[in-house]
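Take a look at the protein below. This report walks through its overall build, its metal site and a handful of residues.

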Amino acid sequence: MIVTMKPDAQLPDIELVIERALQHGCRVHRSQGDERILLGILAPAGCLPSIDVFEALPCVDRVVRISTPYKLVSREHQPEGSVIHFASAQFGGEQFPIIAGPCSVESEAQIFETAAFLKSLGVPLLRGGAFKPRTSPYEFQGLGEEALRLLRRAGSAQGLGVVTEVMSEQDLPMIVEYADMLQIGSRNMQNFALLKAVGATNKPVLLKRGLSATIQEFLLAAEYIASQGNLHIVLCERGIRTFDNSTRNTCDLGGVSLLKELTHLPVVVDPSHATGRRSLVAPLSRAAAAVGADGIMVEVHPMPEEALSDGQQSLSFGAFADLHQQLAPYVNLRALQLRLSPTTDAAVPAIVASSK
Ligand code: PEP
Ligand code: MN
């Protein structure tokens, strides 16, 4: 349940609510709203105390039971959208950050060239897989720690934040030494031990939607991370499995808009894995911006035709530069909208639709 304090509540009033919650075996998550303190009360399974326990206390304005199974990540818990800052990027704010880079880190030349190119366009975040979740064990599995070293050096050389996937708990202590953001891939969205482990770090997490995950399962996966104390989570829609295999996956943009209603966490779209086709990356990126996504993740490679993984969906530098230019009007409108009404989320389909 959520306890909303009165605007004039002081520290002792808040402490009293916390003490009462602890007496009932609950955990408390505190967040600062625009004007008030909100306290999320997390009870052990089946032991939710009565609302009266809190309602009777002075300086409590109202107490609401949360109707969704996920709590910390819900809009009920935190009505304002979260803004996640790291490196020079900001997810959920005025920016529309792009995470870009190759599917896999393959060589020093490949990742350094890509980093320099992205820097020249002002793209803040470099991606690259070091540990690759491949369907076949005979396909390229990634260069492991060597790739992490190259990614870190390339990012630092250009002042870019770096994002890479963590496939197992075992690799996590090593990866946190190199990465600025930890990616949990689709195939691990319900690896609960891994979710808890990244939840216990202080690194931002990019959580990708599972191949067949419902929106509720996706949000519960985010809740696993949040429940360990890490609320620096960015959700990523990367396409789901449907009956239609004309594209690699089906990009659920309706799901993106729904997520923006259900959660305060930023949501980005990965049009590369969502479609598996280079020609569809730009249109879906524009569509993502128009439905209110908070950024995109795109695969780009100096020579896509020679990529060791996902070449068919990777953009060349030329195609990426073109996409970057196409997105400028959407990004400007997003910033304008947030400046005009800072408390609303940035979906501006009506204006955006006429701008391009
Ligand atoms: C990736 O981003 O490289 C990746 C493997 O993505 P996904 O987990 O969405 O398939
Ligand atoms: Mn890939």
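For counting charges, Lys and Arg are positive and Asp and Glu are negative, while His and the chain ends are left out. By that count the protein chain has 31 positive and 37 negative charges. Their mean positions lie 2 Å apart. Keep in mind that this is a predicted model.

## The whole chain

Start with the secondary structure. The protein chain holds twelve helices and 14 strands. Its C-alpha atoms fill a box of roughly 65 × 50 × 45 Å along the principal axes.

How does the radius of gyration compare with that of a compact globule? A compact globule of 356 residues would have a radius of gyration near 21 Å, and the protein chain has 21 Å, so the two agree.

Next comes burial. Of the 356 residues in the protein chain, 53% are buried. The protein chain exposes about 14800 Å². Carbon and sulfur atoms supply 53% of that exposed area.

Contacts tell another part of the story. Take the contacts in the protein chain with a separation of 6 or more. Residues 24 or more positions apart account for 67% of them.

## The manganese site

Which residues are the protein donors of the manganese ion (ligand 2)? They are Cys-103 through SG, His-273 through NE2, Glu-299 through OE and Asp-310 through OD. These donors lie 2.0 to 2.4 Å from the ion. Along the sequence, the donor residues follow the spacing C-x169-H-x25-E-x10-D.

Glu-299 sits in strand β14 (residues 296-299), and Asp-310 sits in the loop between β14 and α11 (317-340), so this pair ties together parts that are eleven residues apart in sequence. Are Glu-299 and Asp-310 buried or exposed? Both are buried.

Asp-310 deserves a second look. Its relative accessible area is 12%, and buried means under 20%, so Asp-310 counts as buried. Asp-310 is not a glycine, yet its phi is positive, at about 55°.

## Another positive phi

Ala-87 also has a positive phi, near 45°, and is a residue other than glycine. Where is it found? Ala-87 lies in the loop between β5 (84-86) and β6 (89-91). Its relative accessible area is 53%, and exposed means over 50%, so Ala-87 counts as exposed.

## Four buried residues

The table lists four buried residues with their places in the chain.

| Residue | Location | Relative accessible area |
|---|---|---|
| Leu-118 | helix α3 (residues 108-121) | 0% |
| Ser-104 | loop between β7 (98-101) and α3 | 1% |
| Leu-284 | helix α10 (residues 281-290) | 16% |
| Val-269 | strand β13 (residues 267-269) | 0% |

Now for their surroundings. The contacts below do not count residues up to four places away in sequence.

Leu-118 touches Ala-100, Gly-101, Val-123, Leu-125, Leu-126, Leu-160, Val-300 and Phe-320. How far apart are the C-alpha atoms of Leu-118 and Leu-206? They are separated by 20 Å, and the two residues are 88 residues apart along the chain.

Ser-104 lies in the loop that leads from β7 to α3. Its contacts are Gln-110, Gly-129, Lys-132, Phe-140 and Ser-309.

Leu-284 belongs to helix α10. It touches Cys-251, Leu-253, Pro-271 and Thr-275. Leu-284 and Asp-270 are 14 residues apart along the chain, and their C-alpha atoms are separated by 8.8 Å.

Val-269 is part of strand β13. Which residues does Val-269 touch? Its contacts are Cys-236, Glu-237, Cys-251, Leu-253, Val-256, Ala-288, Ala-293, Gly-295, Ile-296 and Met-297. One of these, Ile-296, is 27 residues away from Val-269 in sequence. In space, the C-alpha atoms of Val-269 and Ile-296 are 4.8 Å apart.

Two residues turn up in both of the last contact lists. Cys-251 and Leu-253 touch Leu-284, and Cys-251 and Leu-253 also touch Val-269.

Methods: Residues are numbered from 1 along each chain as its sequence is written. Chains are lettered from A and ligands numbered from 1 in the order in which they are written. This is a predicted model: local features need pLDDT of at least 70, side-chain atom pairs count only at pLDDT 80 or more; totals for chains, interfaces and linings use all residues. Side-chain values use heavy atoms; hydrogens and water are left out. Helices (H or I, at least four residues) and strands (E, at least two) are DSSP runs, numbered from the N terminus. The radius of gyration is taken over C-alpha atoms; the globule rule is 2.2 Å times the number of residues to the power 0.38. Buried means under 20% relative accessible area, exposed over 50%, partly exposed in between (1.4 Å probe, protein chains only). Contact means heavy atoms within 4.5 Å. Accessible areas come from the Shrake-Rupley method with a 1.4 Å probe; for residues, only the protein chains shown count as cover. The place of a charge is taken as NZ of Lys, CZ of Arg, CG of Asp or CD of Glu. Donors are N, O and S atoms within 2.8 Å of the metal (3.2 Å for Na, K and Ca); water is not among the atoms, so sites may look incomplete.
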